[in-house]
Amino acid sequence: MARNQLDWLQPCFTTPGKHSAWIAVSAGKAGESVHLPITVIHKGAGPRVLFTGGNHGDEYEGPIAIHRMIRDMEAGDLICGTLILMPALNPPAVEAGTRVSPIDGKNLNREFPGKARGTVTQRIAHMITEHILPHADVVLDLHAGGKTSDIMPSVMIHKLRSRERMARTLGVMKAFRAPVGILIKEFDSEGMLDTTVERLGKIFGCCELGGLGRVTPETVDVTWTGMNNVLKHLGMMKGSLRTPVWRNKRRSRVVEALTFKRYLMAPFAGIFEPFVDIDATVKKGEPLGRILSLDDPLEEPVICRSPADGILFQRHAFCLVEAGRKLALVAEETDRWDAMADAV
Ligand SMILES: [Zn+2]
């Protein structure tokens, strides 16, 4: 596995078998090139699925499960279609164990569609947009909460204008069988891989698979099972869908957070003391935590209250917060998308 030419890679998307390579991306003035590992498994015409990990370098469930699929999966295991596996989208960040690249300080997930002559992170985004995305119809970008967030293992999708694409996206989200499938409104979607893939008219899901900067056997199993479930749902693999266990429960719920009113932001900087764990049912106005003053221990802490009724889907996990930081996201369980998803 030592080839590194994009020209060599292109025929692999239509040549039966399993092909592995490294794609070299020039670091420009910053120095040496960086190398993105990629494996393509092709079994004739059919759905084309891309699983990506390491978009942020400190989120590990995706890379672990994608590595396993690279090792274990052969073309003979597929019924049809193309499977593209990329475990380290931003190699300098993955090698440093950091969210952003240590070379140019950029967050890859805010640099799409990228720039051909930009910094190394912008060049990586450009290479993925130009040379990988055209070969995929369904893209699942595997993330986790990182060190600063705790989050229910989930597949996040966005509301789309096309009813047909919305239905197919819901179908993939529900097929993953994560503990939560969530329809979400992003604060800042410009530059995200999500937005670029959606603008290309493809199916996209952002998976958030664990939190607190750690990996557990459960969250890895949610990831691995979900990836296999999606391949089965699309008719690329045999077998029935499985719902993995998370926190001793085997269930998969659909929730939504389609308004900014469901976010709780820190009113000012300090030490955040959480009162409630993720997955809890909360009421609007219920205290979720408090912020302690860094300057004056005698100052009365400020109570941070739930912005809505619902399930505490995500919360800040690193105690120091700056003003305006997202402290919590409270989502609402819903069945209003079921009929559309079932129509797939
Ligand atoms: Zn991430």
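**Reading helices, strands and domains**

Biologist: Which residue just after α7 takes a positive phi?

Modeller: Glycine 235 does, at about 80 degrees. Arginine 177, just after α5, also has a positive phi, of about 60 degrees.

Biologist: Before I go on, what am I looking at?

Modeller: It's a predicted model, where local features need pLDDT of at least 70 and side-chain atom pairs count only at pLDDT 80 or more, while totals for chains, interfaces and linings use all residues. Residues are numbered from 1 along each chain as its sequence is written.

Biologist: And labels like α7, where do they come from?

Modeller: They are DSSP runs numbered from the N terminus: helices are H or I with at least four residues, and strands are E with at least two.

Biologist: How do I check the span of helix α7?

Modeller: The expected span is 1.5 Å times one less than the number of residues. For the 17 residues of α7 (residues 217-233) that gives 24 Å, and the end C-alpha atoms are 24 Å apart, which agrees. Try α5 (163-176) too: its 14 residues should span 20 Å, and its end C-alpha atoms are 20 Å apart, so that agrees as well.

Biologist: Which residues of α7 are buried?

Modeller: Cut-offs first. A residue is buried if 20 or more other C-beta atoms lie within 10 Å of its own, exposed if 12 or fewer, and partly exposed in between, with C-beta atoms placed from the backbone. In α7, the buried ones include Thr219, Val222, Met227 and Val230. They pack against β3 (48-52), α2 (61-72), β5 (138-143), α5 and β9 (203-208). The buried residues of α5, among them Leu170, Val172 and Phe176, have a cover that includes β5, β7 (154-157), β8, β9, α7 and α8 (338-342).

Biologist: What about strands, how do they pair?

Modeller: Strands of a sheet pair through backbone hydrogen bonds, either parallel or antiparallel. Here two strands count as paired if DSSP finds at least two bridges between them. Take β18 (residues 326-333), which runs antiparallel to β10 (residues 253-257), with two bridges joining them. Valine 255 has glutamate 333 as its bridge partner in β18. β11 (residues 263-265) pairs with β18 over three bridges, again antiparallel, and methionine 265 is matched there with lysine 326.

Biologist: How many bridges link β16 to β18?

Modeller: Four, in the antiparallel sense, with β16 covering residues 310-316. Leucine 312 is bridged to valine 330 of β18, and glutamine 314 to leucine 329. β16 also has three antiparallel bridges to β6, where serine 149 partners histidine 316. Then there's β13 (residues 281-282), antiparallel to β16 over two bridges, with valine 282 opposite glycine 310.

Biologist: Is β16 mostly covered or mostly exposed?

Modeller: Mostly covered: seven of its seven residues are buried.

Biologist: What is the strand order in the open sheet of four strands?

Modeller: β15-β14-β12-β17, with antiparallel pairing. β15 (302-305) and β17 (320-321) stand at the edges with a single partner strand each, so one side of each has no neighbour in the sheet. Inside, β12 (residues 270-274) and β14 (residues 287-292) share four antiparallel bridges, and phenylalanine 272 faces isoleucine 291.

Biologist: What is a nonpolar core?

Modeller: In soluble globular proteins, nonpolar side chains tend to be buried together. A core here is a set of buried Ala, Val, Leu, Ile, Met, Phe, Trp, Tyr and Cys residues joined through C-beta atoms within 7 Å. The largest has 91 residues, with the most contacts inside it made by Val49, Ile84, Ile182, Val230 and Phe313. It draws at least three residues from each of domain 1 (6-257) and domain 2 (264-332); the bounds come from an automatic or database domain assignment. Contact means C-beta atoms, placed from the backbone, within 7 Å. Leaving out residues up to four places away in sequence, phenylalanine 313 touches, among others, Ile182, Val255 and Val330.

Biologist: How do the two domains meet?

Modeller: Their centres, taken over C-alpha atoms, are 30 Å apart. The contact takes 15 residues from domain 1 and twelve residues from domain 2. On the domain 1 side, the elements giving two or more residues are β6 (149-151), β8 (180-184) and β10.

Definitions and conventions. Contact = placed C-beta atoms within 7 Å.
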